[in-house]
Amino acid sequence: MATNETDRPVLLRNGLVLTMDDAHTVLTGGDVLVVGDRIAEVGVGLTAPDGALEIDASDGIVMPGMIDTHRHMWQTAMRGYGADWTLTQYFVWYYLESGKLFRPEDIYAGNLLAAIEAIDAGVTTTVDWSHGLQTPQHADAAVDALEAVPGRFVLAYGNIQQGPWEWATSPDFRDFVQRRLAGRGDMLGFQMAFDVTGDPAFPERAAFEVARELGVPVTTHAGVWGATNDDGIRLMHENGFMTPGTVYVHAATLTRDSYNRIAATGGSVSVSTESEQSAGQGYPPTWQLRHHGIPVSLSMDTSVWWSGDLFSAMRSTLGADRSREHLEAHGRQETITHCHLRAEQVVEWATRGGSRALGLDDVVGSLTPGRKADVVLIKNDASPVMFPILHPYGHVAFQAQRGDVHSVLVNGRLVKHEHRLVGVDLDGARREVERTVEHLLDSMGRDAFDKGMNPDIPETKVLDNPYTYTEWDAGSAQWKR
């Protein structure tokens with residue numbers, strides 16, 4: 001595809017269109033017309049403007065771009081390194097030891113690869129929960145990488161090497177905000193990212209006051225087993241820092257009191273089910289959030305462990321919620337005959353759940369004329385998984401995968417077409433990441449590098465089995481010890 005075609009009107013024709021509008025309108029044989037950076041029309045049998053690029057969406061699903069509300073993008077250069085970690089090992093490696101080795105160029109490499117990976121998987125808006133910004137140079141590198149990729153991003157500024165009351169009140173932070181984030185519009189949003197430990201002195205107050213002064217929402221890891229708890233939520237609430245724009249990440253080990261405080265103040269929760277299931281933050285909390293009426297968005301957390309696509313998030317979230325519902329019913333000697341959480345709701349969490357959490361619901365999240373054109377076509381004629389499409393929401397949540405993402409538009413620009421990225425230097429990203437891995441390997445040494453990737457395996461005791469026999473007695477037709 002020629003580069004100049006990215007500026008033409010685009011008509012996705014004859015697809016199964018999941019608009020995700022307020023009525024959840026689904027169009028069979030539907031068209032979506034994109035002109036400039038906006039969705040111009042959604043309907044059936046639309047007329048293509050002169051010079052439009054027409055994309056055959058037949059046998060495919062057209063839907064809004066997905067939105068990830070919590071991803072530590074800077075860690076993507078270490079993809080898969082922590083596959084066997086627990087949360088404790090993650091904290092030790094990044095917070096206490098090796099996270100300090102990341103240079104600005106390593107932040108750039110991770111963010112660059114993560115940003116490319118996101119749009120390739122149909123994630124058109126990603127929150128960069130960037131808590132590796134040790135210096136202004138690290139922060140500049142993070143933004144440089146985000147601006148090098150044609151996606152929509154939100155920089156959630158953080159620094160795990162300092163308390164938020166230190167970095168948030170520094171002149172360097174104020175200077176960075178003014179230089180790099182002021183007036184960037186909806187292509188590069190801004191949050192402040194820090195956690196509240198529950199210290200009765202509430203030292204995080206200073207950072208919340210900066211956020212309030214700047215008019216910036218806060219995103220915080222809440223309800224993480226052994227790290228953040230109900231005391232943090234109570235301190236935020238009692239001091240007036242829980243707002244509708246606050247995003248609580250995980251929120252997996254909170255009590256009813258904390259969930260009530262979140263619900264009452266209008267905040268939302270970013271659920272990272274793959275993370276919560278594997279690392280130990282707590283059981284994925286959607287079953288609790290549904291009971292309290294708390295809005296949900298989805299996120300992938302970090303590619304140092306898990307996948308970087310929201311198909312996995314939707315699938316694992318449905319599984320975890322339903323598993324909990326069945327488990328609790330079985331404990332009461334009951335049977336669940338109808339699932340409460342449906343595929344349609346999880347697809348909404350992956351799209352409008354994110355746009356609402358980020359205050360962008362009038363900008364993206366649905367295929368509605370006038371909104372920005374962040375559009376995904378899921379279509380793969382070479383895959384037996386893409387037919388038949390009988391339950392469109394179920395197909396997105398349970399059947400489709402990142403390899404089925406055919407075309408992606410962000411802000412009206414075609415950034416992926418016919419399963420190939422457009423205008424993205426993937427080889428350049430590979431070289432950047434290779435330099436980061438080489439730097440960390442040299443800095444740590446081979447033994448430490450390998451040990452970090454391969455934590456000890458706890459001893460497992462196999463229980464005694466009274467039904468273990470070693471000899472078959474043919475005469476008695478019985479097993480004998």
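**A parallel sheet, an enclosed strand and their surroundings**

At 52% relative accessibility, Glu418 counts as exposed, since the threshold for that class is over 50%. The model discussed here is a predicted one. Glu418 sits in the loop that links strand 16 to strand 17 (420-421). Setting aside neighbours within four places in sequence, Glu418 is in contact with His406 and Ser407. Its C-alpha atom is also separated by 9.3 Å from that of Ile55, although the two residues are 363 residues apart along the chain.

His406 and Ser407 lead the reader to strand 15, which spans residues 405-410. Six of the six residues of strand 15 are buried, so the strand is largely enclosed by the rest of the structure. Strand 14 (residues 375-378) pairs with strand 15 in the antiparallel sense, and four bridges connect the two. Within this pairing, Val376 is found opposite Val408 of strand 15. Strand 16 (residues 413-417) also runs antiparallel to strand 15, here with three bridges, and Leu409 faces Leu414 of strand 16 across the pair. Strands 15 and 16 form a hairpin with two residues between the strands, where Asn411 adopts a positive phi near 55°.

Turning to the main chain's parallel pairing, eight strands build an open sheet whose order is 6-7-8-9-10-11-12-13, with parallel pairing. Strand 6 (66-71) and strand 13 (296-298) occupy the edges; each has a single partner strand, so one side of each lacks a neighbour in the sheet. On average, and with direction ignored, neighbouring strands of this sheet are turned by 25° against each other. Strand 11 (residues 247-250) and strand 12 (residues 268-271) give a detailed view of the pairing: they run parallel and are joined by three bridges, with Tyr248 placed opposite Val269 of strand 12. Helix 3 (residues 136-147) packs on the sheet and touches strand 7 (123-130), strand 8 (152-157) and strand 9 (188-193). The direction of helix 3 makes about 170° with that of strand 8.

The edge strands have a helix of their own to consider. Helix 12 lies across strand 6 and strand 13, and runs at about 75° to strand 13. Thr351 is located in the loop between helix 12 (343-350) and helix 13 (352-357). With 0% relative accessibility, Thr351 counts as buried. Neighbours within four places in sequence aside, the contacts of Thr351 are Met20, Met63, Pro64, Gly65, Met66, Ile67 and Gly365.

A further packing arrangement involves helix 2 (residues 104-120) and helix 15 (residues 426-444), whose axes are 9 Å apart and meet at an angle of about 140°. That angle makes helix 2 oblique to helix 15, because only values over 145 degrees would count as roughly antiparallel. The crossing of the two helices is left-handed. From helix 2, the contact draws on Glu105, Asp106, Tyr108, Ala109, Leu112, Leu113 and Ile116, while helix 15 contributes Leu426, Ala429, Glu432, Val433, Thr436 and His439. Sorted by character, the residues of this contact comprise eight nonpolar, two polar and three charged.

Conventions. Residues numbered from 1 in each chain as written. Predicted model: local features only at pLDDT ≥ 70, side-chain atom pairs only at ≥ 80, totals over all residues. Heavy atoms only, no water. Buried < 20%, exposed > 50% of the residue type's maximum accessible area, 1.4 Å probe, protein only. Pairing = 2+ DSSP bridges. Axes fitted to C-alpha atoms, helices over the stretch in contact; angles between N-to-C directions. Parallel < 35°, antiparallel > 145°, perpendicular 65-115°, else oblique. Left-handed = near helix turned anticlockwise from the far one by under 90°. Contact = heavy atoms within 4.5 Å. Nonpolar A, V, L, I, M, F, W, Y, C, P; charged D, E, K, R; others polar.
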